[in-house]
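Subject: Structure for you to look at

Hello,

Here is the structure I promised to pass on. Please open it beside this email and follow along.

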Amino acid sequence: MKGALTPEAAAARIPDGARVMIGGFVAVGSPLRLIDALVARGARDLTVIANDTARPGLGIGKLISAGCVARVIASHIGLNPETQAGMNAGRIAVDLVPQGTLVERIRAGGMGLGGVLTPTGLGTEVAEGKQILEIEGRSYLLELPLRADFALIGAWQADHVANLTYEFTAQNFNPVMALAADTVIAEPESIVPVGVIPPDAVRTPGVLVDHLLVRAG
């Protein structure tokens, strides 16, 4: 099986200070066992790129509670008062990015593009310090690509060569994050023989995935 790792071995590969993309929407579609392993390892100074920081005690919220995170790049932190408190106290740097802009910046990083042009954020604090371009009479912000050292993604099924499929809205940011990191570690709910996942159901081809987490037990 391709690149099989235990959660503990996977967490050991992620050094302190790493830039990490984590899939999920309030922990739906997040790699929960891998997050637990990072907490157990005592990871520190991570930069987490994600849609949100979930809630205390849930998903990415566990990393926040354990003091693993130095910086967050996310679309919102409103459900996690611990992230808010960390930001207000200066313990956690927080970059808030509009959700559509966030996913397109990640996509740009994965596709090798130089950036994203968007009108979202013009005239607000989001635009401060950013280049504004005028195209055909309209103004756009230039938002730069996002990449990471690691993408940690949750999947529904993987086969033995790491083709991945997702279940309903648990897909969320996972496929695009798998394009935009140097190392991709996937945590599937089940691992099946090659051929069980129909080709047109594959959302992340195995060529993009470096390691699969083995199932517990």
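The protein chain has six helices and twelve strands. Keep in mind that this is a predicted model.

**Overall shape**

Start with the whole chain. The C-alpha trace spans about 55 × 40 × 25 Å along its principal axes. A compact globule with 217 residues would have a radius of gyration near 17 Å, and the protein chain has 17 Å, so the two agree. Of the 217 residues, 47% count as buried. Now take the contacts between residues at least 6 apart in sequence: 72% of them join residues at least 24 apart.

**The cores**

In soluble globular proteins, nonpolar side chains tend to be buried together. Which residues touch the most other members of the largest nonpolar core? They are I14, I22, L46, L152 and I185, out of 29 residues in that core. Several elements each supply at least two residues to this core, including α1 (7–13), β2 (19–22), β3 (46–49) and β9. Helix α2 gives the most, with four residues. Another core lies apart from this one. That second core has 26 residues, among them I73, F173, V184 and V209.

**The parallel strands and H211**

Next, find strand β9 (residues 148–159). β9 pairs with β11 in the parallel sense, over ten bridges. One of the partners to look for is V192 in β11, which bridges to D159. β11 (181–192) also has a link to β12. Two bridges join β11 to β12, and these strands run parallel.

Zoom in on that second pairing. H211 lies in β12 (residues 211–213). I185 stands opposite H211. Is H211 buried or exposed? H211 has a relative accessible area of 14%. The cut-off for buried is under 20%, so H211 counts as buried. Leave aside the neighbours of H211 within four places in sequence. Its contacts are then G3, L5, R13, T183, V184, I185 and A186.

I185 has its own list, again without residues up to four places away in sequence. I185 touches A10, I14, L34, F150, A151, L152, I153, H211 and L213. Two of the names there, I14 and L152, are also among the residues that touch the most other members of the largest core.

D200 is found in the loop between β11 and β12. At 64% relative accessibility, D200 counts as exposed, because the cut-off for exposed is over 50%. D200 and T165 are 35 residues apart along the chain. Their C-alpha atoms are separated by 9.7 Å.

**The antiparallel sheet**

Strands of a sheet pair through backbone hydrogen bonds, either parallel or antiparallel. Here is the antiparallel case. Three strands form an open sheet in the order β6-β8-β7. β6 (116–118) and β7 (132–135) stand at the edges, each with a single partner strand, so one side of each has no neighbour in the sheet. From one strand to the next, the twist averages 40°.

Four bridges join β7 to β8 (residues 138–143). L133 stands opposite Y140 in β8. Then look for helix α5 (residues 99–111), which lies across β6 and β8. α5 runs at about 155° to β6.

**A helix cap and some backbone angles**

How is the N-terminal end of helix α4 capped, and by which residue? N80 caps α4 (residues 81–88). A side-chain oxygen of N80 lies 2.9 Å from the backbone nitrogen of E82. G90 follows α4, and its phi is positive, near 80°.

Two other residues have a positive phi without being glycine. V26 has phi near 50°. V26 lies in the loop between β2 and α2, and is buried, with a relative accessible area of 14%. N172 has phi near 25°. N172 lies in the loop between β10 (164–165) and α6 (174–177). With a relative accessible area of 23%, N172 is partly exposed.

Best wishes

Note on methods: Residues are numbered from 1 along each chain as its sequence is written. This is a predicted model: local features need pLDDT of at least 70, side-chain atom pairs count only at pLDDT 80 or more; totals for chains, interfaces and linings use all residues. Side-chain values use heavy atoms; hydrogens and water are left out. A polar contact is a pair of N or O atoms within 3.5 Å; within protein, one must be able to donate a hydrogen and the other to accept it, and residues adjacent in sequence count only if both atoms are side-chain atoms. Buried means under 20% relative accessible area, exposed over 50%, partly exposed in between (1.4 Å probe, protein chains only). Contact means heavy atoms within 4.5 Å. Two strands pair if DSSP finds at least two bridges between them. Axes are lines fitted to C-alpha atoms, for helices over the stretch in contact, and angles run from 0 to 180 degrees between N-to-C directions. A nonpolar core is a set of buried Ala, Val, Leu, Ile, Met, Phe, Trp, Tyr and Cys residues joined through side-chain atoms within 4.5 Å. The radius of gyration is taken over C-alpha atoms; the globule rule is 2.2 Å times the number of residues to the power 0.38.
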